[in-house]
Amino acid sequence: MNRQTTYEFPLNERIRVFMRLEQLFQQLSHFMAGDSVFDKRAAVDTLLDILVIFGRADLKSELIKELDRHAKVLGMLSGSQDVDTQKLQEILSELTQASRNLYNASGKVGASVMESGLFQSISQRSTIPGGTCSFDLPAFHYWLEQDRADQQRDFQQWTQPFADIRNAIDLILGFIRQSSAPKQEIAQAGFFQLALDKSHPVQLLRVGVSASVGCFAEISGGKHRFSIRFMMPSSDENRPTQTPADISFSLSRCAV
């Protein structure tokens, strides 16, 4: 099979933050499932990154707005022909429930996690390179040596406040990614550029390219236009260079 690599590029700050959190939540789940001390360290570091993002923005209200907007768009399809009414109602119910859960959540998301004395001490030392060594934080060293069941219980307590947020982000990004069918395009001499329709704002670009091509997609853009350059990695530690070859790729302009 011809393996394809997908490159994604968000075109507004809201989706950019959602995608960063999506990746961090995936990393968190991966490291939480590991058994080694370094898995647990990586999980704690990832959770700290998540807390930093939540400390900078009111993401709960942004997610509620986005969920309600998607529900409104999908609700307009309810009377259309060739629409699976039952499936549509299931999706609308899921969106409504996710929005309600976020609305009913009290307080600042993640604030309870930082009330933990252990987490506060880890957070304070994490800005120092190597600052969470055992001699700096013996309490953290002690926790890392506890039974896996005890650690998992703590992780569940620390991550529970983010469960509804993660579900909402997965729903929103899932709808956006599925909102546009990919079209085949050609990047002549490794370059492709296209203007965007301002009346139908695109939120996310998805570029699919065969792994056998030996190039990666470097995407840049804003509200009005975007460009894609297919770059060849350097073998001698120099900067990557744009390929002179015509590159076939798939493009999805996701606008929901």
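Here, a residue counts as exposed when its relative accessible area is over 50% and as buried when that area is under 20%, with partly exposed in between. By that yardstick, Asp35 is exposed, because its relative accessible area is 65%. Welcome to this predicted model, which holds 10 salt bridges. Let's look at three of them, and at a network that some of their partners form.

**Asp35 and Arg148**
- The exposed Asp35 forms a salt bridge with Arg148, and the closest N and O atoms are 2.7 Å apart.
- This pair links distant parts of the chain, with Arg148 in helix H7 (residues 148–159) and Asp35 in the loop between H1 and helix H2 (37–56), 113 residues apart.
- Arg148 itself is partly exposed, at a relative accessible area of 38%.

**Glu8 and Arg206**
- A salt bridge also joins the side chains of Glu8 and Arg206 (2.7 Å, N to O).
- Here two strands are linked: Glu8 sits in S1 (residues 4–10) and Arg206 in S4 (residues 204–210), 198 residues apart.
- Glu8 is partly exposed, with a relative accessible area of 26%, and Arg206 is partly exposed at 25%.

**Glu22 and Arg177**
- The side chains of Glu22 and Arg177 meet in a salt bridge at 2.8 Å, N to O.
- Glu22 belongs to helix H1 (residues 13–32) and Arg177 to helix H8 (residues 163–177), so the pair ties together parts that are 155 residues apart in sequence.
- Both Glu22 and Arg177 are buried.

**A shared network**
- Glu8, Glu22, Arg177 and Arg206 are joined into one network by salt bridges that share partners.

Notes:
Residues numbered from 1 in each chain as written. Predicted model: local features only at pLDDT ≥ 70, side-chain atom pairs only at ≥ 80, totals over all residues. Heavy atoms only, no water. Salt bridge = Lys/Arg side-chain N within 4 Å of Asp/Glu carboxyl O. Helix = DSSP H or I, 4+ residues; strand = E, 2+ residues; numbered from the N terminus. Buried < 20%, exposed > 50% of the residue type's maximum accessible area, 1.4 Å probe, protein only.
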